[in-house]
Amino acid sequence: MLVVLYLCNKKKANVCANVKQNEDVNKEEEMKLFYEPDNAYFGDCMPFYHDGTFYVFHQRDARNPRPFEPFEWSLATTKDFVHYEDKGVAIPKEGDDSPEQYIFAGSVFEGNHKFHAIYTAYNRDFAAQGKDAQVLMSAESDDLLNWKKTGKFVLPAPEGYDGNDWRDPFILWEEESQQYIMILGARKLKGKQMRTGRTVWFTSKDLSEWHFEGDFWAPETFTMHEMPDLFRMGDWWYLLTTEYSERSKTIYRMSRSLKGPWIAPADDAFDGRAYYAARSCSDGKHRYLFGWAATKTDNQDMNSWDWAGTFVCHEIYQRPDGTLGVKLPDSMLSAYEPDTEVMKGPATLETVDSQANLHITETPEDFYKVEMDFQISENTRIFGIRLFEDPETGDSYKYEVNLAENRIYFDRTPNQPWYRYFDKGLERPIHLEAGRKYHARLIVDDSIAIMYIDGVSLIARMHAKAGCDLSAYVIDGSIKIENITIAKSLRS
């Protein structure tokens, strides 16, 4: 079924009764920008681009009766990350006695005049039976829609590696060596040691015979490497890894050579804790990041993160020094109705030893985009944006930039009684210069909030909106804000 604006029927309590609803949108419907399949949550993604279309292979967790029940590969297609067509199951799971009780992540690629999927087969009961819980298997297709399992490709973990953590293969064709390279996440068996996660690699000339080449990147830092990805942009190679033992986020390393060394930039991530398992894909001109915004358990601010959630696409761009930034894809940006000016002329907030505030506008409860330009002065300590603020109490969420600590973070304010929001991992490093003009873009889509500033993105979830005011503030210093606009709906 083609979803034009991805509207889902969902009645909600309206905490913003004074905000005029868009007349073209039914009040019992919720407008959505980010994709979520019907009656399920979006999990790990295996994107592939072909002939003008992104094939978004992914896992779906219905959480019935609990999270992480056996799932398979499903497929949705899109040309613009706004309109999606649900194609249903692409590669089905098998029964509880099969190695394919789950279809875990893998990779889709083209070779030998066919499309191929190499994926992880997982059975959660096998480890207790003394069998490897995870092996690699394959399927083939002529059209990316209809897949046939080959039943021939079973690649277990070699001796010394953990067969219960052997997953998420990624395959690419490497021109210089004229061979296929497959990387995947693995663990070494070293007694009781835990931080033995690594990325290993195989090579093949013909997709029939694969040669194990050993460790590709083994930093001995994480318990496991998930969803590895490898691509070249300009003169740099980039190696992506999602780890859940330290910060639970997707990070990257960069190198001039596939042989390494793999350098960690100062900011080695694309987003915060709420964005997970991101893989990249290019249409030949732009490279996009396919990850999911995690949900919070029982939709409660104080709870931690669940597996799976909502598909969020970032566009990756390369800075002059080779490091990577992200932004909202242009096709998603152009899907909004034209922006409306919020405030004429610039506003300057200035204070020496206190806080200065600026009410910007009242916003819709569930869906909007706000843009603004800003400049900070020397020695400014903190500035931020409060969203869904109650004008009587000041209760709100906030994106706050602490310039003394060079970080941006998301939280609830005032944090009384402490604490009111489980925000561990919801921060990013950010370095801003006095006198330079920056652009901020705030996206709100139901419970999801995203802030973009200078290539830095930070996703959060909100489940207890107190009001609908949007305001800016500065603590110790000054900030000039101008060109504030808001968009409240998508184009029809």
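A search of the whole structure finds zero disulfides. A disulfide is a covalent bond between the sulfur atoms of two cysteines. Keep in mind that this is a predicted model. Below we look at the cysteines, then at some strands, and last at a patch on the surface.

**Cysteines without a bond**

- Cys 45 is in no disulfide, and its nearest cysteine sulfur belongs to Cys 281, 8.6 Å away. Because a disulfide needs two cysteine sulfur atoms within 2.5 Å, that pair does not count as one.
- Cys 313 is in no disulfide either, with the sulfur of Cys 45 as its nearest cysteine sulfur, 9.1 Å away.
- Are these two cysteines buried or exposed? Cys 45 is buried, with a relative accessible area of 0%, and Cys 313 is buried too, at 1%.

**Strand S21 and its partners**

- Strand S21 covers residues 305-318 and is mostly covered, with twelve of its 14 residues buried.
- On one pairing, strand S20 (residues 287-296) joins S21 in the antiparallel sense over nine bridges. Here you can find Ala 294 opposite Gly 309 in S21.
- S21 also runs antiparallel to strand S22 (residues 324-327), and four bridges join them. In this pairing Ile 316 stands opposite Val 326 in S22.
- What do S21 and S22 form together? They form a hairpin with five residues between the strands, and Gly 322 in the turn has a positive phi of about 95°.

**A sheet of four strands**

- Try tracing the open sheet whose four strands follow the order S12-S13-S14-S15, with antiparallel pairing.
- Strand S12 (161-174) and strand S15 (211-217) stand at the edges; each has a single partner strand, so one side of each is left without a neighbour in the sheet.
- From one strand to the next, the twist averages 30°.
- Within this sheet, strand S13 (residues 179-188) and strand S14 (residues 197-204) pair in the antiparallel sense over eight bridges. To see one match across the pair, look for Tyr 180, which stands opposite Ser 204 in S14.
- A general point helps when you view any sheet: in a regular strand, the side chains alternate between the two faces.

**A nonpolar patch on the surface**

- Which residues make the nonpolar surface patch of about 380 Å²? Met 302, Trp 418 and Tyr 419 make it.
- Tyr 419 lies in the loop between strand S28 (407-413) and strand S29 (427-429).
- With a relative accessible area of 33%, Tyr 419 is partly exposed.

Methods:
Residues numbered from 1 in each chain as written. Predicted model: local features only at pLDDT ≥ 70, side-chain atom pairs only at ≥ 80, totals over all residues. Heavy atoms only, no water. Patch = residues over 30% accessible without salt bridge, like charges linked within 9 Å, V, L, I, M, F, W, Y side chains within 5 Å. Areas by Shrake-Rupley, 256 points an atom, 1.4 Å probe, with all protein chains shown as cover. Salt bridge = Lys/Arg side-chain N within 4 Å of Asp/Glu carboxyl O. Helix = DSSP H or I, 4+ residues; strand = E, 2+ residues; numbered from the N terminus. Buried < 20%, exposed > 50% of the residue type's maximum accessible area, 1.4 Å probe, protein only. Pairing = 2+ DSSP bridges. Axes fitted to C-alpha atoms, helices over the stretch in contact; angles between N-to-C directions.
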